[in-house]
Amino acid sequence: MAREFKGKTFNDPIHHKMKLHPLLVRIINTPEFDRLRNIKQLGGAYYVYPGASNNRFEHSIGVAYLAGKLVNELKKTFRGLTGTDILCVEIAGLCHDLGHGPFSHAFEDFFLKKLEQDQLPEEYRGCDHIHEYISCKVVDQIFSKNRSHFGKYKLNENHIETIKALIKGERNSGYLVGKEFLYEVVANKFNDIDVDKWDYFTRDCHGLGIQHGFDLWRLLETAQVIEWKGELHIAYRDKVSTDILELFHTRTMVHMKACQHKTIKAVEMMIGDALQYANADFQVDYDFDSAENEVQHTTLSGALGNMEAYLQLNDQVTEQIKLKSKGNKNSKSLRKARKLLERLVVRDIYSVIFEIKLRSERKLNERMDEIELWITQKIERSKWLGVHMVQFEDKLNPPYVLVYDKQKRIESLAKMRIRKRPFEGCIRVYYKGKKRDRKRGVLSKEMEGHFHWLRTCRADF
(Lines give C-alpha, C1' and ligand atoms only; values in the text may rest on other atoms or scores of the structure.)
Protein backbone atom coordinates (compact mmCIF):
# COMPACT_ATOMS: atom_id res chain seq x y z
CA MET A 1 0.00 0.00 0.00
CA ALA A 2 1.40 3.39 -1.04
CA ARG A 3 2.30 5.80 1.76
CA GLU A 4 0.03 8.86 1.84
CA PHE A 5 1.80 12.16 1.14
CA LYS A 6 1.84 14.21 4.33
CA GLY A 7 2.68 17.65 2.94
CA LYS A 8 5.78 19.55 1.97
CA THR A 9 8.35 21.72 3.72
CA PHE A 10 9.57 24.87 1.94
CA ASN A 11 12.86 26.51 2.91
CA ASP A 12 12.35 30.28 3.08
CA PRO A 13 14.83 33.11 3.84
CA ILE A 14 12.21 34.90 5.95
CA HIS A 15 10.32 32.21 7.90
CA HIS A 16 12.84 29.37 7.39
CA LYS A 17 11.11 25.94 7.43
CA MET A 18 7.49 26.24 6.26
CA LYS A 19 5.47 23.00 6.30
CA LEU A 20 2.25 23.13 4.27
CA HIS A 21 -0.83 20.90 3.97
CA PRO A 22 -0.95 18.52 0.93
CA LEU A 23 -3.93 20.41 -0.56
CA LEU A 24 -1.95 23.67 -0.44
CA VAL A 25 0.91 21.93 -2.26
CA ARG A 26 -1.60 20.76 -4.89
CA ILE A 27 -2.78 24.37 -5.40
CA ILE A 28 0.83 25.63 -5.61
CA ASN A 29 1.44 23.12 -8.42
CA THR A 30 -1.27 24.58 -10.66
CA PRO A 31 -0.65 26.93 -13.64
CA GLU A 32 -2.87 29.56 -11.97
CA PHE A 33 -0.59 29.75 -8.94
CA ASP A 34 2.70 29.21 -10.80
CA ARG A 35 2.01 32.45 -12.70
CA LEU A 36 2.85 34.38 -9.51
CA ARG A 37 6.53 33.46 -9.94
CA ASN A 38 6.69 36.19 -12.61
CA ILE A 39 4.86 39.02 -10.83
CA LYS A 40 7.02 41.35 -8.74
CA GLN A 41 5.66 42.03 -5.26
CA LEU A 42 6.87 45.65 -5.30
CA GLY A 43 6.10 46.48 -8.94
CA GLY A 44 8.51 49.07 -10.30
CA ALA A 45 10.65 49.15 -7.13
CA TYR A 46 13.08 46.67 -8.70
CA TYR A 47 14.22 49.50 -11.01
CA VAL A 48 15.29 51.53 -7.96
CA TYR A 49 16.10 48.94 -5.25
CA PRO A 50 18.18 46.09 -6.78
CA GLY A 51 17.19 43.73 -3.95
CA ALA A 52 13.43 44.22 -4.40
CA SER A 53 13.12 41.13 -6.60
CA ASN A 54 10.67 39.17 -4.42
CA ASN A 55 7.58 37.87 -6.21
CA ARG A 56 3.95 37.19 -5.29
CA PHE A 57 4.72 33.45 -5.39
CA GLU A 58 6.84 33.25 -2.23
CA HIS A 59 4.77 35.93 -0.48
CA SER A 60 1.58 33.90 -0.93
CA ILE A 61 3.23 30.77 0.44
CA GLY A 62 4.46 32.79 3.43
CA VAL A 63 0.97 34.15 4.11
CA ALA A 64 -0.53 30.62 4.02
CA TYR A 65 2.12 29.42 6.48
CA LEU A 66 1.56 32.32 8.91
CA ALA A 67 -2.23 31.94 8.61
CA GLY A 68 -1.95 28.33 9.74
CA LYS A 69 0.39 29.26 12.59
CA LEU A 70 -1.91 32.04 13.85
CA VAL A 71 -5.12 29.96 13.70
CA ASN A 72 -3.42 27.04 15.46
CA GLU A 73 -2.34 29.47 18.19
CA LEU A 74 -5.94 30.74 18.53
CA LYS A 75 -7.15 27.13 18.73
CA LYS A 76 -5.31 26.71 22.05
CA THR A 77 -7.80 29.04 23.79
CA PHE A 78 -10.78 28.76 21.39
CA ARG A 79 -11.70 25.10 21.30
CA GLY A 80 -14.39 25.34 18.62
CA LEU A 81 -11.96 25.51 15.68
CA THR A 82 -11.76 22.44 13.43
CA GLY A 83 -9.17 21.20 10.96
CA THR A 84 -11.47 22.28 8.12
CA ASP A 85 -11.61 25.83 9.52
CA ILE A 86 -7.83 25.99 9.62
CA LEU A 87 -7.50 24.59 6.10
CA CYS A 88 -9.97 27.18 4.70
CA VAL A 89 -7.98 30.03 6.26
CA GLU A 90 -4.69 28.61 4.94
CA ILE A 91 -6.14 28.33 1.41
CA ALA A 92 -7.39 31.93 1.63
CA GLY A 93 -3.88 33.06 2.61
CA LEU A 94 -2.35 31.10 -0.25
CA CYS A 95 -4.81 32.37 -2.88
CA HIS A 96 -5.39 35.97 -1.77
CA ASP A 97 -3.10 37.49 -4.45
CA LEU A 98 -3.92 35.25 -7.42
CA GLY A 99 -5.73 38.13 -9.14
CA HIS A 100 -2.80 40.54 -9.36
CA GLY A 101 -1.81 41.70 -12.82
CA PRO A 102 1.68 42.50 -14.17
CA PHE A 103 3.81 44.54 -11.74
CA SER A 104 1.19 44.07 -8.99
CA HIS A 105 -0.50 47.33 -7.93
CA ALA A 106 1.08 49.29 -10.80
CA PHE A 107 -1.17 47.41 -13.27
CA GLU A 108 -4.24 48.43 -11.31
CA ASP A 109 -3.21 52.02 -10.49
CA PHE A 110 -1.69 53.08 -13.83
CA PHE A 111 -3.53 50.92 -16.35
CA LEU A 112 -6.90 49.64 -15.14
CA LYS A 113 -7.89 52.89 -13.40
CA LYS A 114 -6.97 54.88 -16.54
CA LEU A 115 -9.39 52.90 -18.70
CA GLU A 116 -12.84 54.21 -19.51
CA GLN A 117 -15.55 52.55 -17.44
CA ASP A 118 -17.12 50.95 -20.52
CA GLN A 119 -13.79 49.19 -21.21
CA LEU A 120 -14.08 47.34 -17.88
CA PRO A 121 -16.37 44.36 -17.33
CA GLU A 122 -19.51 45.52 -15.52
CA GLU A 123 -18.66 43.53 -12.38
CA TYR A 124 -15.42 45.52 -11.88
CA ARG A 125 -16.76 49.03 -12.45
CA GLY A 126 -16.36 51.21 -9.39
CA CYS A 127 -14.23 48.59 -7.54
CA ASP A 128 -11.28 49.89 -5.52
CA HIS A 129 -9.38 46.60 -5.38
CA ILE A 130 -10.12 44.73 -8.60
CA HIS A 131 -7.43 42.11 -7.93
CA GLU A 132 -9.39 40.78 -4.92
CA TYR A 133 -12.42 40.03 -7.10
CA ILE A 134 -10.24 38.42 -9.76
CA SER A 135 -8.53 36.31 -7.04
CA CYS A 136 -11.94 34.91 -6.13
CA LYS A 137 -12.65 34.00 -9.76
CA VAL A 138 -9.30 32.21 -9.99
CA VAL A 139 -10.15 30.28 -6.80
CA ASP A 140 -13.36 29.12 -8.50
CA GLN A 141 -11.34 27.97 -11.52
CA ILE A 142 -8.82 26.05 -9.40
CA PHE A 143 -11.68 24.38 -7.50
CA SER A 144 -13.52 23.38 -10.68
CA LYS A 145 -10.35 21.74 -12.07
CA ASN A 146 -9.42 20.00 -8.80
CA ARG A 147 -12.75 18.98 -7.25
CA SER A 148 -11.56 15.49 -6.36
CA HIS A 149 -8.56 16.83 -4.44
CA PHE A 150 -10.72 19.31 -2.51
CA GLY A 151 -13.32 16.61 -1.91
CA LYS A 152 -10.65 14.37 -0.39
CA TYR A 153 -10.51 16.84 2.51
CA LYS A 154 -14.32 17.33 2.66
CA LEU A 155 -14.30 20.79 1.03
CA ASN A 156 -17.28 21.74 -1.13
CA GLU A 157 -18.83 24.83 -2.76
CA ASN A 158 -19.84 26.31 0.62
CA HIS A 159 -16.25 26.16 1.82
CA ILE A 160 -15.08 27.85 -1.39
CA GLU A 161 -17.51 30.72 -0.77
CA THR A 162 -16.08 31.02 2.75
CA ILE A 163 -12.53 31.09 1.37
CA LYS A 164 -13.49 33.91 -1.02
CA ALA A 165 -15.04 35.89 1.85
CA LEU A 166 -11.84 35.39 3.87
CA ILE A 167 -9.80 36.75 0.94
CA LYS A 168 -11.93 39.91 0.79
CA GLY A 169 -12.23 40.23 4.57
CA GLU A 170 -16.02 40.27 4.37
CA ARG A 171 -17.38 39.53 7.82
CA ASN A 172 -20.42 37.51 6.70
CA SER A 173 -21.02 34.49 8.86
CA GLY A 174 -21.94 31.74 6.36
CA TYR A 175 -20.01 28.61 7.21
CA LEU A 176 -18.06 30.35 10.02
CA VAL A 177 -20.98 31.03 12.38
CA GLY A 178 -19.58 31.95 15.79
CA LYS A 179 -16.04 32.09 14.37
CA GLU A 180 -16.18 35.46 12.60
CA PHE A 181 -12.82 36.47 14.08
CA LEU A 182 -11.25 34.26 11.37
CA TYR A 183 -12.05 37.05 8.87
CA GLU A 184 -9.32 39.05 10.64
CA VAL A 185 -6.55 36.56 9.85
CA VAL A 186 -5.83 37.16 6.12
CA ALA A 187 -7.51 40.49 5.27
CA ASN A 188 -8.35 42.33 8.48
CA LYS A 189 -10.76 45.19 7.73
CA PHE A 190 -11.25 45.75 11.49
CA ASN A 191 -7.79 47.04 12.44
CA ASP A 192 -5.40 46.15 9.56
CA ILE A 193 -3.33 43.65 11.58
CA ASP A 194 -3.21 40.43 9.56
CA VAL A 195 -0.76 37.79 8.34
CA ASP A 196 -0.67 39.31 4.84
CA LYS A 197 1.01 42.42 6.29
CA TRP A 198 3.20 40.39 8.65
CA ASP A 199 4.69 38.61 5.66
CA TYR A 200 5.03 41.44 3.18
CA PHE A 201 6.46 43.90 5.73
CA THR A 202 9.23 41.48 6.71
CA ARG A 203 9.77 40.22 3.15
CA ASP A 204 9.74 43.69 1.57
CA CYS A 205 12.05 45.15 4.23
CA HIS A 206 14.45 42.27 3.57
CA GLY A 207 14.51 43.05 -0.17
CA LEU A 208 14.59 46.83 0.22
CA GLY A 209 17.30 46.84 2.88
CA ILE A 210 15.03 48.67 5.35
CA GLN A 211 15.20 47.78 9.05
CA HIS A 212 12.02 46.98 10.98
CA GLY A 213 11.49 46.74 14.72
CA PHE A 214 8.46 44.47 15.23
CA ASP A 215 8.61 40.79 16.18
CA LEU A 216 5.77 38.97 14.41
CA TRP A 217 6.35 35.75 16.40
CA ARG A 218 5.89 37.64 19.67
CA LEU A 219 2.59 39.00 18.33
CA LEU A 220 1.49 35.58 17.11
CA GLU A 221 2.25 33.81 20.39
CA THR A 222 0.10 36.22 22.44
CA ALA A 223 -2.91 36.25 20.07
CA GLN A 224 -6.23 35.19 21.64
CA VAL A 225 -9.91 35.35 20.78
CA ILE A 226 -11.88 37.79 22.95
CA GLU A 227 -15.42 39.15 22.97
CA TRP A 228 -15.70 42.93 22.57
CA LYS A 229 -18.97 44.82 22.12
CA GLY A 230 -20.82 41.60 21.36
CA GLU A 231 -18.42 40.39 18.65
CA LEU A 232 -15.46 38.00 18.63
CA HIS A 233 -12.10 39.57 17.71
CA ILE A 234 -8.40 38.76 17.84
CA ALA A 235 -6.57 40.52 20.68
CA TYR A 236 -2.94 40.66 21.84
CA ARG A 237 -1.21 40.96 25.22
CA ASP A 238 -0.62 44.51 26.39
CA LYS A 239 3.11 43.81 26.71
CA VAL A 240 3.44 43.55 22.89
CA SER A 241 1.94 47.02 22.35
CA THR A 242 5.33 48.34 21.23
CA ASP A 243 5.55 45.60 18.58
CA ILE A 244 2.10 46.59 17.32
CA LEU A 245 3.15 50.23 17.07
CA GLU A 246 6.38 49.24 15.30
CA LEU A 247 4.27 47.22 12.85
CA PHE A 248 2.36 50.36 11.85
CA HIS A 249 5.56 52.40 11.87
CA THR A 250 7.12 49.90 9.45
CA ARG A 251 4.07 50.23 7.23
CA THR A 252 4.55 53.99 7.09
CA MET A 253 8.29 53.69 6.38
CA VAL A 254 7.82 51.16 3.54
CA HIS A 255 5.04 53.35 2.14
CA MET A 256 7.18 56.50 2.19
CA LYS A 257 10.54 55.02 1.15
CA ALA A 258 9.39 52.52 -1.46
CA CYS A 259 5.70 52.41 -2.39
CA GLN A 260 5.49 56.19 -2.99
CA HIS A 261 9.12 56.82 -4.00
CA LYS A 262 9.08 59.45 -6.76
CA THR A 263 11.27 57.43 -9.16
CA ILE A 264 9.34 54.20 -8.55
CA LYS A 265 6.10 56.04 -9.34
CA ALA A 266 7.73 57.43 -12.51
CA VAL A 267 8.71 53.90 -13.59
CA GLU A 268 5.21 52.55 -12.90
CA MET A 269 3.63 55.49 -14.74
CA MET A 270 5.80 54.68 -17.77
CA ILE A 271 4.81 51.01 -17.67
CA GLY A 272 1.15 52.04 -17.37
CA ASP A 273 1.45 54.43 -20.32
CA ALA A 274 3.13 51.71 -22.40
CA LEU A 275 0.29 49.29 -21.62
CA GLN A 276 -2.26 51.94 -22.62
CA TYR A 277 -0.49 52.54 -25.93
CA ALA A 278 -0.32 48.80 -26.59
CA ASN A 279 -3.88 48.05 -25.51
CA ALA A 280 -5.49 48.39 -28.94
CA ASP A 281 -3.01 46.37 -31.04
CA PHE A 282 -1.29 44.02 -28.59
CA GLN A 283 -2.87 40.56 -28.72
CA VAL A 284 -2.99 38.31 -25.66
CA ASP A 285 -2.98 34.73 -26.98
CA TYR A 286 -4.87 32.35 -24.72
CA ASP A 287 -6.16 29.33 -26.69
CA PHE A 288 -5.96 27.44 -29.97
CA ASP A 289 -9.09 26.76 -31.96
CA SER A 290 -8.38 23.48 -33.76
CA ALA A 291 -11.57 23.75 -35.83
CA GLU A 292 -10.58 27.17 -37.23
CA ASN A 293 -6.85 26.34 -37.05
CA GLU A 294 -6.04 29.67 -35.45
CA VAL A 295 -4.95 31.10 -32.11
CA GLN A 296 -7.61 32.90 -30.09
CA HIS A 297 -6.61 36.24 -28.63
CA THR A 298 -7.91 39.43 -27.07
CA THR A 299 -6.66 42.89 -26.03
CA LEU A 300 -5.09 43.75 -22.66
CA SER A 301 -8.31 45.33 -21.39
CA GLY A 302 -10.34 42.51 -22.95
CA ALA A 303 -8.38 40.00 -20.87
CA LEU A 304 -10.25 41.23 -17.78
CA GLY A 305 -13.39 39.58 -19.07
CA ASN A 306 -11.63 36.36 -20.09
CA MET A 307 -9.99 34.44 -17.26
CA GLU A 308 -7.92 32.21 -19.57
CA ALA A 309 -6.45 35.32 -21.23
CA TYR A 310 -5.89 37.18 -17.95
CA LEU A 311 -3.89 34.27 -16.54
CA GLN A 312 -1.42 34.65 -19.41
CA LEU A 313 -0.44 38.11 -18.15
CA ASN A 314 2.63 38.60 -15.98
CA ASP A 315 5.67 40.91 -15.86
CA GLN A 316 6.91 39.40 -19.15
CA VAL A 317 4.19 41.36 -20.96
CA THR A 318 6.61 44.28 -21.46
CA GLU A 319 9.08 42.05 -23.32
CA GLN A 320 6.22 40.58 -25.37
CA ILE A 321 5.11 44.09 -26.36
CA LYS A 322 8.62 44.94 -27.55
CA LEU A 323 8.85 41.75 -29.60
CA LYS A 324 5.39 42.10 -31.17
CA SER A 325 6.12 45.73 -32.01
CA LYS A 326 9.09 44.62 -34.12
CA GLY A 327 6.89 42.06 -35.86
CA ASN A 328 4.08 44.56 -36.52
CA LYS A 329 5.71 47.64 -38.02
CA ASN A 330 2.35 49.09 -39.12
CA SER A 331 1.19 49.69 -35.54
CA LYS A 332 2.11 53.18 -34.33
CA SER A 333 0.71 52.48 -30.86
CA LEU A 334 2.91 49.39 -30.39
CA ARG A 335 5.92 51.37 -31.61
CA LYS A 336 5.19 54.10 -29.03
CA ALA A 337 4.88 51.47 -26.30
CA ARG A 338 8.19 49.85 -27.32
CA LYS A 339 10.07 53.16 -27.35
CA LEU A 340 8.74 53.97 -23.87
CA LEU A 341 9.83 50.57 -22.52
CA GLU A 342 13.24 50.93 -24.16
CA ARG A 343 13.68 54.25 -22.34
CA LEU A 344 13.33 52.34 -19.07
CA VAL A 345 16.29 50.14 -20.01
CA VAL A 346 18.59 53.14 -20.59
CA ARG A 347 17.25 54.92 -17.48
CA ASP A 348 15.57 57.76 -19.37
CA ILE A 349 12.71 57.96 -16.87
CA TYR A 350 9.95 60.53 -16.41
CA SER A 351 11.17 63.38 -14.18
CA VAL A 352 9.43 65.52 -11.55
CA ILE A 353 9.10 69.16 -12.62
CA PHE A 354 6.72 70.34 -9.90
CA GLU A 355 5.93 69.12 -6.38
CA ILE A 356 3.70 70.54 -3.68
CA LYS A 357 3.42 69.17 -0.11
CA LEU A 358 0.40 69.79 2.13
CA ARG A 359 -0.82 68.77 5.58
CA SER A 360 -4.52 69.18 4.84
CA GLU A 361 -6.49 66.51 2.99
CA ARG A 362 -9.05 69.09 1.82
CA LYS A 363 -6.37 71.37 0.36
CA LEU A 364 -4.57 68.42 -1.22
CA ASN A 365 -7.71 67.41 -3.14
CA GLU A 366 -8.39 71.03 -4.12
CA ARG A 367 -4.85 71.51 -5.47
CA MET A 368 -5.10 68.19 -7.34
CA ASP A 369 -8.25 69.42 -9.11
CA GLU A 370 -6.60 72.76 -9.94
CA ILE A 371 -3.45 71.12 -11.32
CA GLU A 372 -5.42 68.64 -13.44
CA LEU A 373 -7.56 71.51 -14.79
CA TRP A 374 -4.46 73.57 -15.64
CA ILE A 375 -2.88 70.61 -17.45
CA THR A 376 -5.98 69.83 -19.54
CA GLN A 377 -6.38 73.47 -20.68
CA LYS A 378 -3.74 72.92 -23.37
CA ILE A 379 -3.16 69.86 -25.55
CA GLU A 380 0.60 70.38 -25.23
CA ARG A 381 0.41 70.04 -21.45
CA SER A 382 -1.88 66.98 -21.57
CA LYS A 383 0.53 65.26 -23.94
CA TRP A 384 3.71 65.81 -21.95
CA LEU A 385 2.63 65.99 -18.30
CA GLY A 386 1.41 63.34 -15.86
CA VAL A 387 0.25 63.95 -12.30
CA HIS A 388 0.24 61.68 -9.25
CA MET A 389 -1.09 62.31 -5.74
CA VAL A 390 0.36 60.67 -2.62
CA GLN A 391 -1.30 60.48 0.80
CA PHE A 392 0.60 59.36 3.90
CA GLU A 393 -2.30 58.50 6.17
CA ASP A 394 -2.13 58.22 9.96
CA LYS A 395 -1.03 54.63 10.51
CA LEU A 396 0.65 55.11 13.89
CA ASN A 397 -2.52 55.40 15.94
CA PRO A 398 -4.75 52.38 15.13
CA PRO A 399 -8.16 52.88 16.77
CA TYR A 400 -9.42 49.31 17.21
CA VAL A 401 -6.38 47.22 18.14
CA LEU A 402 -7.48 45.28 21.23
CA VAL A 403 -5.06 44.30 24.00
CA TYR A 404 -5.58 42.36 27.23
CA ASP A 405 -3.62 42.16 30.49
CA LYS A 406 -2.93 39.26 32.86
CA GLN A 407 -6.41 39.53 34.34
CA LYS A 408 -7.89 39.34 30.79
CA ARG A 409 -9.12 42.93 31.03
CA ILE A 410 -9.57 44.34 27.53
CA GLU A 411 -8.95 47.83 26.22
CA SER A 412 -8.35 49.55 22.90
CA LEU A 413 -4.77 50.48 22.13
CA ALA A 414 -5.96 53.97 21.14
CA LYS A 415 -6.42 54.76 24.86
CA MET A 416 -2.66 54.75 25.35
CA ARG A 417 -2.50 58.35 24.07
CA ILE A 418 0.02 57.68 21.35
CA ARG A 419 1.13 60.79 19.48
CA LYS A 420 -0.95 61.07 16.36
CA ARG A 421 0.90 61.50 13.09
CA PRO A 422 -0.35 64.58 11.23
CA PHE A 423 -1.81 64.17 7.74
CA GLU A 424 0.80 64.51 5.04
CA GLY A 425 0.44 64.40 1.30
CA CYS A 426 2.01 65.64 -1.90
CA ILE A 427 1.24 66.10 -5.57
CA ARG A 428 3.93 65.45 -8.17
CA VAL A 429 3.82 66.52 -11.80
CA TYR A 430 6.01 64.44 -14.11
CA TYR A 431 7.44 65.45 -17.47
CA LYS A 432 7.05 62.53 -19.89
CA GLY A 433 9.64 63.59 -22.44
CA LYS A 434 13.39 63.17 -22.28
CA LYS A 435 15.20 64.95 -19.47
CA ARG A 436 17.29 67.13 -21.78
CA ASP A 437 14.34 68.37 -23.84
CA ARG A 438 13.96 72.14 -24.01
CA LYS A 439 10.21 71.66 -23.57
CA ARG A 440 10.80 70.32 -20.04
CA GLY A 441 12.26 73.62 -18.86
CA VAL A 442 9.54 75.66 -20.58
CA LEU A 443 6.68 73.69 -18.99
CA SER A 444 8.41 73.69 -15.60
CA LYS A 445 8.78 77.50 -15.61
CA GLU A 446 5.23 77.93 -16.91
CA MET A 447 3.84 75.81 -14.09
CA GLU A 448 5.96 77.43 -11.37
CA GLY A 449 4.91 80.87 -12.63
CA HIS A 450 1.21 79.99 -12.65
CA PHE A 451 1.18 78.63 -9.10
CA HIS A 452 3.38 81.45 -7.82
CA TRP A 453 0.75 83.84 -9.18
CA LEU A 454 -1.99 81.85 -7.42
CA ARG A 455 -0.08 82.07 -4.09
CA THR A 456 0.16 85.85 -4.34
CA CYS A 457 -3.50 86.28 -5.35
CA ARG A 458 -5.14 83.84 -2.92
CA ALA A 459 -4.60 83.81 0.82
CA ASP A 460 -5.94 80.26 1.16
CA PHE A 461 -3.52 78.73 -1.38
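This tour visits one sheet and then a set of salt bridges in a predicted model.

**The sheet**

Select residues 224-228 and 410-412. These are strand 3 and strand 10, the edge strands of an open sheet. Four strands build this sheet in the order 3-4-9-10, with mixed pairing. Neighbouring strands are turned against each other by 50 degrees on average, direction ignored.

Add residues 231-237, which make up strand 4. Strand 4 pairs with strand 3 in the antiparallel sense, over five bridges. Show Val225 and look across: Ile234 in strand 4 stands opposite.

**Between helices**

The whole structure holds 32 salt bridges. Start with Asp140 and Lys164, whose side chains meet at 3.0 Å, N to O. Asp140 belongs to helix 6 (residues 130-145) and Lys164 to helix 8 (residues 157-168), so the pair ties together parts 24 residues apart in sequence. Asp140 is partly exposed, at 31% relative accessibility. Lys164 is buried, at 12%.

Next, pick Glu157 and Arg147. Their side chains form a salt bridge of 2.7 Å, N to O. Glu157 lies in helix 8 and Arg147 in helix 7 (residues 147-152), so this pair links parts 10 residues apart in sequence. Glu157 is partly exposed at 42%, and Arg147 is partly exposed at 45%.

**Within one helix**

Move to helix 14, residues 317-327. Lys322 and Glu319 both lie here, three residues apart, about one turn of the helix. Their closest N and O atoms are 3.3 Å apart, in a salt bridge. Lys322 counts as buried at 14% relative accessibility, whereas Glu319 is partly exposed at 40%.

**Last stop**

Select Arg362, Glu366, Arg367 and Glu370. Salt bridges with shared partners join these four into one network.

How values were computed: Residues numbered from 1 in each chain as written. Predicted model: local features only at pLDDT ≥ 70, side-chain atom pairs only at ≥ 80, totals over all residues. Heavy atoms only, no water. Pairing = 2+ DSSP bridges. Helix = DSSP H or I, 4+ residues; strand = E, 2+ residues; numbered from the N terminus. Axes fitted to C-alpha atoms, helices over the stretch in contact; angles between N-to-C directions. Buried < 20%, exposed > 50% of the residue type's maximum accessible area, 1.4 Å probe, protein only.
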